[in-house]
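Reader: I'd like a close look at one small part of this model, and then how the rest is put together around it. Could you walk me through it in one go?

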Amino acid sequence: MSTDQQLEKIKVFREALESGETFILPEAWDVASARVLGELKFPVIGTSAASIAWVNGYSTKEYIKLEDLLMVAARIARRSTYPVNADLVGGLTFSIEQMHRGIQAAIAVGCSGIMLSDASRNGKSNIMPVETMVEHIKVARKAADNASIPLVITACTDTFLHEEKGHSPLQDVSERAVAYYAAGADCIHVSGIQHIHIVENVARNIPGPASIRISIATKTNMKAYKESGIACVNVGSSLLRSLLGNLRLKADELLTFGQFDHLDRAVTPDELEKLVTYRPSQAAKSAEAEKSPEDEKVTEKVSEKPPEKAAKSEEVVQSENSDESGRSDEPEELLLEKTVPLEDTSHKSVSI
């Protein structure tokens with residue numbers, strides 16, 4: 001996508017965060033799931049590091065490469081008309097260099113935002129010191145500033161999940177939020193809470209946009225969350241887990257009853273083909289193809305050039321054969337390698 005397109009998507013994301021209207025941010029794990037969510041007009045769609053890990057055979061206690069997380073984000077972002085927030089939680093080592101290059105890669109593939117976490121990325125269940133997380137956020141913000149891309153940075157804190165004795169998690173969240181905002185974060189995501197009274201207290205004690213994650217079924221509805229003052233409700237891996245629960249149920253019905261009538265709500269192959277092969281630039285091409293003969297004559301007249309200038313440069317031909325990214329439909333693997341080569345992490349895998 002062009003820089004202007006990326007900036008417009010970031011603008012949409014920022015406006016959603018700052019609007020004062022609570023919105024739902026669903027998280028996808030591949031292009032098909034993202035396209036289904038995109039059709040429903042969610043303002044922003046994220047990727048779920050946990051979901052990506054599970055569908056690729058990792059457990060949340062194992063390790064997943066940063067490239068794997070970025071590859072999914074790249075494929076979704078390049079096929080979207082909506083902002084994409086890349087969940088890099090646990091996808092970065094403690095290396096500042098790795099952090100910087102990861103943010104560069106996220107920007108290069110068209111992401112509008114990224115999520116970082118203060119939870120340990122070395123397989124241990126603990127929280128990194130505030131100073132360390134602040135340094136990571138500053139590096140992320142600097143990488144975005146150097147690229148002239150106002151990337152939306154969400155800083156996730158797991159304080160409520162790893163509560164320290166003698167410390168109030170609410171006070172800790174408030175103190176970390178102040179430090180994270182000062183370092184360059186745009187939103188604070190608080191993991192491990194969804195009870196409405198706790199959410200209300202968090203929203204009151206965080207001096208800026210805050211988000212939470214709904215991980216399990218709850219009777220609290222969106223109206224209550226809107227009244228709490230929270231900016232965003234993230235559903236994390238819940239959609240994938242719900243889908244897998246339905247898959248198990250449907251498969252069990254097949255074995256038990258031998259009936260196939262419950263497959264009537266399945267997405268058709270044609271619909272799925274359109275979902276995964278759609279490119280935003282196709283809409284513009286379709287509009288061009290629908291022009292009337294009179295429109296074509298006007299276009300030809302305006303675009304007429306002297307014969308000596310009729311030959312197209314190699315750059316123009318390449319541009320016309322490119323997709324909206326301007327990279328000639330390059331595979332995401334090649335795009336990541338050419339834009340920001342990431343170090344080989346085959347021996348330095350990172351946890352989620």
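**A close look at Ser-51**

Author: Ser-51 has a relative accessible area of 0%, so it counts as buried, the cut-off being under 20%. Bear in mind that this is a predicted model. Ser-51 sits in helix α3, which covers residues 49-55. Its side chain has a polar contact, at 3.0 Å, with the side chain of Ser-48. If you skip the neighbours within four places in sequence, Ser-51 is in contact with Trp-29, Ser-237 and Leu-240.

Now for the strands. β2 (27-28) is an edge strand, and so is β1 (23-25); each of them pairs on one side only. The partner of β2 is strand β3 (residues 45-47), with two bridges in the parallel sense. One residue pair to look for here is Glu-27 with Gly-46, its bridge partner in β3. These strands belong to an open sheet of nine, paired in parallel and running β1-β10-β9-β8-β7-β6-β5-β3-β2. As a rule, the strands of a sheet pair through backbone hydrogen bonds.

Then there's the nonpolar side of things. The largest nonpolar core holds 76 residues, and Leu-88, Ile-103, Ile-114, Ile-188 and Ile-206 have the most contacts inside it. Helix α4 (residues 66-77) is the top contributor to this core, giving eight residues. Take Ile-188: leaving out neighbours within four places in sequence, Ile-188 is in contact with residues including Ala-155, Ala-177, Tyr-180, Tyr-181 and Ile-206. Also among the contacts of Ile-188 are Thr-157, Pro-209, Ala-210 and Ser-211.

Note on methods. Residues are numbered from 1 along each chain as its sequence is written. This is a predicted model: local features need pLDDT of at least 70, side-chain atom pairs count only at pLDDT 80 or more; totals for chains, interfaces and linings use all residues. Side-chain values use heavy atoms; hydrogens and water are left out. A nonpolar core is a set of buried Ala, Val, Leu, Ile, Met, Phe, Trp, Tyr and Cys residues joined through side-chain atoms within 4.5 Å. Buried means under 20% relative accessible area, exposed over 50%, partly exposed in between (1.4 Å probe, protein chains only). Helices (H or I, at least four residues) and strands (E, at least two) are DSSP runs, numbered from the N terminus. Contact means heavy atoms within 4.5 Å. Two strands pair if DSSP finds at least two bridges between them. A polar contact is a pair of N or O atoms within 3.5 Å; within protein, one must be able to donate a hydrogen and the other to accept it, and residues adjacent in sequence count only if both atoms are side-chain atoms.
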